[in-house]
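Reader: I am a first-year student and should be grateful for a close look at one part of this structure. Would you please take me through a sheet and the helices that belong with it, step by step?

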Amino acid sequence: MVTILDVARLAGVSKATVSRALNGKVFVREEVKARIMQAIAETGYRPNQLARNLANNKTNSVGLVITNGLYNGPFFSSMIYHAATNSELHSRQLVLADGKHSAQEERDAIDLLLSLRCEAIMIYPKYLSVAELDEIIEHNQTPIVVINRELSRHRSQCVFVDHQQSCETMMEYLLTQGHRRIAFVAGSDASPTGERRLAGYRNALRNAGIEPDPQLLVRGSWSTDSGYEAGRELLARNVPFSCVLAGNDDMAIGVAKACYEAGLRLPEDVSLAGFDDSVIGKYYNPSLTTIHVPMEEMIRNAIEMVLMPEAAAICAHRGELVCRESVIAPKTAR
């Protein structure tokens with residue numbers, strides 16, 4: 001393996017001079033620097049970036065922790081895109097760490113980014129609790145911001161959407177359209193986002209004087225496949241409903257397929273709505289009524305929180321109702 005000493009020997013300078021030329025902190029004569037660059041090109045030497053990070057205590061990088069169970073789908077690919085592009089706007093490199101399948105593995109991913117000397121870290125948690133996240137922030141000097149979770153002790157270091165209120169907004173719209181038998185496809189068990197949306201569904205029904213029917217509640221796991229299976233399960237129960245609200249747009253598309261296979265037309269026979277405003281819903285036929293989650297703004301605010309703490313970044317965001325073609329007034333509950 002080529003080392004910095006090999007470059008120094010070929011350029012006819014000291015190892016320290018090569019180091020100074022690479023770091024750019026101390027003036028090195030142009031003719032000397034040219035010899036060093038030529039020697040690097042000839043030897044194929046690659047500087048040890050980690051070692052330089054340790055020496056300089058700065059990497060110009062921003063870390064993002066997200067579990068791989070969330071990678072698969074347009075909503076999270078969009079989130080990672082916005083994280084990368086907003087990092088680039090601040091002349092930072094985005095470093096992705098996999099939180100995998102447990103709270104401990106999310107901790108391990110955070111520790112990895114800390115060991116790489118990331119300048120700041122964003123966490124989109126699935127398993128770590130609010131109390132654990134607060135503790136992690138308290139015990140680290142590196143700026144950390146949590147996405148999609150409201151923290152109790154570090155509100156200035158989180159960005160989130162009120163998912164319960166957003167679901168109540170959607171339900172109020174469906175109820176004003178005349179729907180009373182509204183089925184709900186919930187997300188994964190123990191998902192904070194899913195549980196808040198489910199709470200909003202139940203609250204809105206009770207506020208309208210309607211007791212939630214357990215037969216109208218089915219669970220998926222956020223994927224299109226799970227939405228399809230949940231739709232089939234709902235239809236197999238043979239209970240009347242005029243509308244299905246899915247916990248995200250991906251599951252809504254799966255429900256649509258189950259309805260079509262059962263001979264039901266959307267929205268003539270069954271109305272359908274989702275959450276997140278994924279791009280697939282906009283171009284689906286019929287286009288999907290949904291709640292827009294302002295992920296781009298949230299990511300921008302998260303990066304501002306950790307890189308520009310003097311800026312007044314917004315913590316709390318609201319979901320916005322997007323009315324499209326998939327919801328109409330019901331004829332009768334099927």
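Author: **Two sheets and their helices**

In this predicted model, strand β1 (residues 61-66) and strand β3 (residues 120-124) pair in the parallel sense over five bridges. One of the contacts between them can be named: Ile-66 has Tyr-124 as its bridge partner in β3. Helix α6 (residues 103-115) packs on the sheet and touches β1, β2 and β3, its direction making about 170° with that of β1. Helix α5 (residues 74-89) also lies across β1, β2 and β3, and runs at about 165° to β1.

These strands belong to an open sheet of six, in the order β2-β1-β3-β4-β5-β11, with parallel pairing. Its edge strands are β2 (93-98) and β11 (316-317), each of which pairs on one side only.

The part that deserves the closest look is the other sheet. Four strands form this open sheet, in the order β7-β6-β8-β9, and the pairing is parallel. Which strands stand at its edges? They are β7 and β9; each has a single partner strand, so one side of each is left without a neighbour in the sheet. On average, and with direction ignored, neighbouring strands of this sheet are turned by 20° against each other.

Let us now turn to strand β8 (residues 243-246). Are its faces covered or uncovered? Both are covered: Cys-243 and Leu-245 are buried on one side, and Val-244 and Ala-246 are buried on the other. To count as buried, a residue must have under 20% relative accessible area.

Strand β8 also has its pairings. With strand β6 (residues 182-186) β8 pairs in the parallel sense over four bridges, and Phe-184 has Leu-245 as its bridge partner in β8. With strand β9 (residues 271-273) β8 is joined by three bridges, and these two strands run parallel. Here Leu-245 appears again, with Ala-273 as its bridge partner in β9, while Val-244 stands opposite Leu-272 in β9. Leu-245 is thus a useful residue to find in the picture: it is the bridge partner of Phe-184, it has Ala-273 as a bridge partner in β9, and it is buried.

How does the chain pass between β8 and β9? Together with helix α11 (residues 249-261), β8 and β9 make a right-handed β-α-β unit. Helix α11 lies across β6, β8 and β9, running at about 160° to β9.

A further helix packs on this sheet. Helix α10 (residues 224-236) has 13 residues, and from its first C-alpha to its last it reaches 18 Å, close to the 18 Å expected at 1.5 Å a residue. Its buried residues are Ser-226, Gly-227, Tyr-228, Ala-230, Gly-231, Leu-234 and Leu-235. These residues pack against β6, β7 (217-219), β8 and α11, and thereby link the helix both to strands of the sheet and to its neighbouring helix. Just after α10, Asn-238 takes a positive phi of about 55°.

For a comparison of how helices place their buried residues, consider two helices from the beginning of the chain. In helix α1 (residues 4-11), the buried residues are Ile-4, Val-7, Ala-8 and Ala-11. They cover an arc of only 100° around the axis, which puts them on the same side of α1. The buried residues of α1 pack against α2 (15-23) and α3 (30-43). Just after α1, Gly-12 takes a positive phi of about 75°.

Helix α3 can be read in a similar way. At 1.5 Å a residue, its 14 residues should span 20 Å, and its end C-alpha atoms are 20 Å apart, which agrees. Val-32, Ile-36, Ala-39 and Ile-40 are buried in α3. Why do they count as lying on the same side of α3? They cover an arc of only 100° around the axis, which puts them there. What covers these buried residues includes α1 and α2. The face of α3 turned away from its buried side carries the exposed residues Glu-30, Ala-41 and Glu-42. Just after α3, Gly-44 takes a positive phi of about 75°.

How values were computed
Residues are numbered from 1 along each chain as its sequence is written. This is a predicted model: local features need pLDDT of at least 70, side-chain atom pairs count only at pLDDT 80 or more; totals for chains, interfaces and linings use all residues. Side-chain values use heavy atoms; hydrogens and water are left out. Buried means under 20% relative accessible area, exposed over 50%, partly exposed in between (1.4 Å probe, protein chains only). Two strands pair if DSSP finds at least two bridges between them. A crossover is right-handed if, with the strands pointing away from the viewer, the path from the first strand over the helix to the second runs clockwise. The expected span of a helix is 1.5 Å times one less than its number of residues. Contact means heavy atoms within 4.5 Å. The arc is that of the directions from the helix axis to the C-beta atoms. Axes are lines fitted to C-alpha atoms, for helices over the stretch in contact, and angles run from 0 to 180 degrees between N-to-C directions.
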